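Student: Please take me through a close look at the hairpin in this model, and then follow the chain into whatever else helps to place it. I would like the cut-offs as we go.

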Amino acid sequence: MMTDSRMQRGQQWLKTLLQLTGINTNIQVELESLATGEGESQEPDSFWLTIDEINLTPEQIQVLIGPDGTVLDAIQYLANSILNLNQPHEEQASYTVELNGYRVRRQAEIRAIAMGAAEQVRTTGAEVEIKSLSSAERRQVHTFLKDFSDLETFSRGKEPHRNLVVRMASPE
């Protein structure tokens with residue numbers, strides 16, 4: 001089964017990367033729908049690579065997550081870039097790197113930010129600009145709000161000052 005090779009490739013790559021930094025730990029892999037507990041609506045091509053923190057010190061966990069998740073985001077970006085490089089389309093996958101529940105907690109925070117912005121836009125009619133989100137987090141907000149037909153989202157500005165804007169959808 002194709003999924004197995006992509007899961008194993010992700011698992012092996014992350015384990016090797018961590019070993020190169022002197023961290024020897026296991027990597028659990030699951031389909032995104034299982035990791036997020038959100039039914040089967042998730043793509044079957046999305047995998048969560050969870051770093052087993054059982055043998056890690058609090059300092060190692062902190063370093064691997066980084067300030068505001070920047071190190072975890074960088075590892076995830078590398079995983080997605082390298083693991084999909086030169087792979088045929090059907091062998092490509094999306095990888096989320098998780099450690100110590102950071103992604104799940106952050107996802108809940110981002111959902112709350114998105115819903116708060118949606119509520120504010122609906123109440124005031126004015127657009128709301130959300131700052132300090134990584135590109136992956138901006139994509140999450142787009143995804144959370146895409147089903148609200150009365151709202152639209154887009155990004156404005158250039159990295160590192162790129163922000164997500166939520167506003168009332170323009171009538172068709």
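**From the hairpin outward**

Tutor: Let's begin with one pair of residues: R156 has N163 in strand 6 as its bridge partner. Another bridge in strand 6 matches S155 with L164. Before going on, a word on the ground rules: this is a predicted model, in which local features need pLDDT of at least 70 and side-chain atom pairs count only at pLDDT 80 or more, while totals for chains, interfaces and linings use all residues. Residues are numbered from 1 along each chain as its sequence is written, and side-chain values use heavy atoms, with hydrogens and water left out.

Those two bridges belong to a set of six joining strand 5 to strand 6, and the two strands run antiparallel. Helices and strands here are DSSP runs numbered from the N terminus (helices are H or I with at least four residues, strands are E with at least two), and strands pair if DSSP finds at least two bridges between them. Strand 5 covers 151-156 and strand 6 covers 163-168. Together they form a hairpin with six residues between them, and G157 in the turn has a positive phi of about 95 degrees. The loop between these strands also holds P160. A cis peptide bond, with omega about 0 degrees, joins E159 to P160.

The hairpin is part of an open sheet of three strands in the order 4-6-5, with antiparallel pairing. Strand 4 and strand 5 are at the edges with a single partner strand each, so one side of each has no neighbour in the sheet. From one strand to the next the twist averages 25 degrees; the axes are lines fitted to C-alpha atoms, and angles run from 0 to 180 degrees between N-to-C directions. Strand 4 (128-130) leads into a loop before helix 6 (135-145), and S132 is in that loop. S132 has phi near 60 degrees, a positive value in a residue other than glycine. S132 is exposed, at 66% relative accessibility; exposed means over 50% relative accessible area, buried under 20%, and partly exposed in between (1.4 Å probe, protein chains only).

N86 has a comparable backbone feature to look for: its phi is also positive, near 60 degrees. N86 is in the loop between helix 4 and strand 3, and its relative accessible area of 75% makes N86 exposed.

Now for the interior. The largest nonpolar core has 23 residues, and L14, I51, V97 and L99 have the most contacts inside it. Such a core is a set of buried Ala, Val, Leu, Ile, Met, Phe, Trp, Tyr and Cys residues joined through side-chain atoms within 4.5 Å. At least two of its residues come from each of helix 1 (2-20), strand 1 (27-31), strand 2 (46-51), helix 3 (58-65), helix 4 (70-84) and strand 3 (94-99). Another core lies apart from it, with 14 residues, including L164. That brings us back to the hairpin, where L164 is the bridge partner of S155.

Within the largest core, pick out V97. Beyond its neighbours within four places in sequence, V97 is in contact (heavy atoms within 4.5 Å) with residues including L14, L49, I51 and R103. G10 lies in helix 1 and counts as buried, at 0% relative accessibility. G10 and V97 are 87 residues apart in sequence, with 9.7 Å between their C-alpha atoms. With the same neighbours left aside, G10 is in contact with L49, L83 and Y95.

Y95 also takes part in an aromatic pair with F47, which is tilted: 5.9 Å centre to centre and 35 degrees between the planes. Rings of Phe, Tyr and Trp (its six-membered ring) pair if their centres lie within 6.5 Å; planes under 30 degrees apart are stacked, over 60 edge-to-face, and the rest tilted. F47 is in strand 2 and Y95 in strand 3, so the pair ties together parts 48 residues apart in sequence. F47 and Y95 are both buried.

Finally, look at helix 3, whose buried residues are I61, L64 and I65. Down the axis of helix 3 they fall within an arc of 95 degrees, so they line one face of the helix; the arc is taken from the directions from the helix axis to the C-beta atoms. The face turned away from this buried side carries the exposed residues E59, Q62 and V63. After helix 3 comes G66, with a positive phi near 75 degrees.
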